[in-house]
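Visitor: I should like to learn how to read the features of a protein model, one at a time. May we begin with the backbone?

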Amino acid sequence: MELASLEDYKERAWKLLPKSPLDYYKSGAGNEYSLRLNESAFDKIRIRPTFMKDVSKRTTRTSVMGLDLDTPIAIAPTAMQRMAHPDGEVANARAAASSGVLFTLSTIATSSIEEVAAATPESNKWFQLYIYRDRELTQSLVRRAEKGGFKAIVLTVDAPLFGLRRSDIRNKFSLPSHLQLANFVGEKATGVRHSKEGSGLMEYVNKQFDDSITWEDLKWLVKFTKLPVIAKGILTAEDALSAVRCGCQGIIVSNHGARQIDGVPASIEALPEVVAAVGDRVTVMMDGGIRQGTDVFKALALGAKLVFVGRPAIWGLAVDGQTGVENILKILKKELDICMAIAGCATVPEITKRYVVHESFYSKL
């Protein structure tokens, strides 16, 4: 069967991946209502095309926070990618580089900052940061990212600890013994390999992550790094304003792939509130539930300057390594281009809120 959509890649990847890694990648928190909502919320947004426009000279190119990108689609930070493919984050980063898109490396990756930097020396890439209890260690991660050519620090603000992921508890999830968290040494590198009672990852995070962090810690990060800081995991206007006051230059509206709290809004539902609060002051982006080009179009229309995909890149990686991720990005770009053409937009800046409406608008007619 030809792999013509992200759903095709997902189905193929689910057949290829072993149960424990598969459940880790695909699961959400609690009963996974918000996980389903991340995708279904897009169905409530209608596209309002405007016809009879010259769209013969289209482009998906865009500029975000000083970076020139081939398309407003980026790779989200996703942990432990060598469970999906032996080349892991390196293959994913190379796919992003060859596709002209942005790649984000997770703190808890199975490929190191230095490995990814060496594999993609000229590419656009950001480093996602968790704040560890050991602040000197946290600071060293940032310095390594600066040295490695990463162009921003993405601080995840929604994870003082990890959410209740029942699949991981049932599977007693642990990192395969031949892998480790490549940015660390000792127990911080190998601690996810074992589990005492439930999820080894939850036990690791509860031990290592600093659950006392506040907005003051964000100010601390902004002060000492040379790079722009982006707050990831914002779902409300209040938190968006706090992030801006702390000196963030970007915000990623995100519910962490619905992996933290079940019952939170879909990212696309929270996006308009955040854009209305701070969209004229910082760059607002989003992740969560992007599965086709029309989803990208809707997010851009609602004010996002860039959208991130996490799980779809993992599906591509599991199916065919770097080539699989490149194909995922090609599919999304082609679908976005077709949507733009038919909706009447020749460039990304032309995609505005005039092109979308909530389904409730039509129920009132």
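Guide: Let us begin with Lys 172, which is placed in the loop between helix 7 (166-171) and helix 8 (187-190); helices (H or I, at least four residues) and strands (E, at least two) are DSSP runs, numbered from the N terminus. The model is a predicted one, in which local features need pLDDT of at least 70 and side-chain atom pairs count only at pLDDT 80 or more, while totals for chains, interfaces and linings use all residues. Residues are numbered from 1 along each chain as its sequence is written, and side-chain values use heavy atoms, with hydrogens and water left out.

Visitor: What is the phi of Lys 172?

Guide: Most residues other than glycine have a negative phi. Lys 172 is not a glycine, yet its phi is positive, about 50°. Lys 172 is partly exposed, since its relative accessible area is 48%; buried means under 20% relative accessible area, exposed over 50%, and partly exposed in between (1.4 Å probe, protein chains only).

Visitor: Is His 256, which also has a positive phi, buried or exposed?

Guide: His 256 is buried, because its relative accessible area is 11%. Its phi is near 65°, and the residue belongs to the loop between strand 9 and helix 12. A glycine offers a further case: Gly 247, just after helix 11, takes a positive phi of about 105°.

Visitor: How should a helix be read, and which residues of helix 10 are buried?

Guide: One asks where the buried residues point. In helix 10 (215-224), Asp 217, Leu 218, Leu 221 and Phe 224 are buried. They lie on the same side of helix 10, because they cover an arc of only 140° around the axis; the arc is that of the directions from the helix axis to the C-beta atoms. The face turned away from this buried side carries the exposed residues Glu 216 and Lys 223.

Visitor: Against what do the buried residues of helix 10 pack?

Guide: They pack against strand 6 (125-129), helix 6 (135-147), strand 7 (153-156), strand 8 and helix 11, where contact means heavy atoms within 4.5 Å. In helix 11 (residues 237-245), the buried residues are Ala 237, Ala 240, Ser 242, Ala 243 and Val 244. Their packing partners include helix 10, strand 9 (250-253) and helix 12 (267-278).

Visitor: How many salt bridges are there, and how does one recognise them?

Guide: Side chains of opposite charge can pair when their charged atoms come close. A salt bridge is a side-chain nitrogen of Lys or Arg within 4 Å of a carboxyl oxygen of Asp or Glu, and by this rule the count is 16. One of these joins Arg 135 to Asp 217, with the closest N and O atoms 2.9 Å apart. Arg 135 lies in helix 6 and Asp 217 in helix 10, so this pair ties together parts 82 residues apart in sequence. Asp 217 is buried at a relative accessible area of 13%, whereas Arg 135 is partly exposed at 24%.

Visitor: Which residue pairs with Arg 144?

Guide: The side chain of Arg 144 meets that of Glu 114 in a salt bridge (2.8 Å, N to O). This pair also links distant parts of the chain: Arg 144 is in helix 6 and Glu 114 in helix 5, 30 residues apart. By contrast, Glu 146 and Arg 143 are 3 residues apart in helix 6, so they are separated by about one helical turn; their salt bridge has its closest N and O atoms 3.0 Å apart.

Visitor: Let us turn to a loop residue. Where is Ser 106, and why does it count as buried?

Guide: Ser 106 sits in the loop between strand 5 (103-105) and helix 5 (113-119), and it counts as buried because its relative accessibility is 4%. A polar atom of its side chain lies 3.1 Å from the backbone nitrogen of Ile 108. Leaving aside neighbours within four places in sequence, Ser 106 is in contact with residues including Pro 77, Phe 127 and Asn 183.

Visitor: Finally, which residues make the nonpolar surface patch?

Guide: Phe 51, Met 52, Ile 338 and Ile 342 make this patch of about 510 Å². Patches are made of residues with over 30% relative accessible area and no salt bridge: like charges are joined within 9 Å, nonpolar side chains (Val, Leu, Ile, Met, Phe, Trp, Tyr) within 5 Å. Accessible areas come from the Shrake-Rupley method with a 1.4 Å probe; for residues, only the protein chains shown count as cover. Phe 51 is found in the loop between strand 1 (45-47) and strand 2 (62-64), and counts as exposed because its relative accessibility is 54%.

Notes
Polar contact = N/O pair within 3.5 Å; in protein donor to acceptor, adjacent residues only side chain to side chain.
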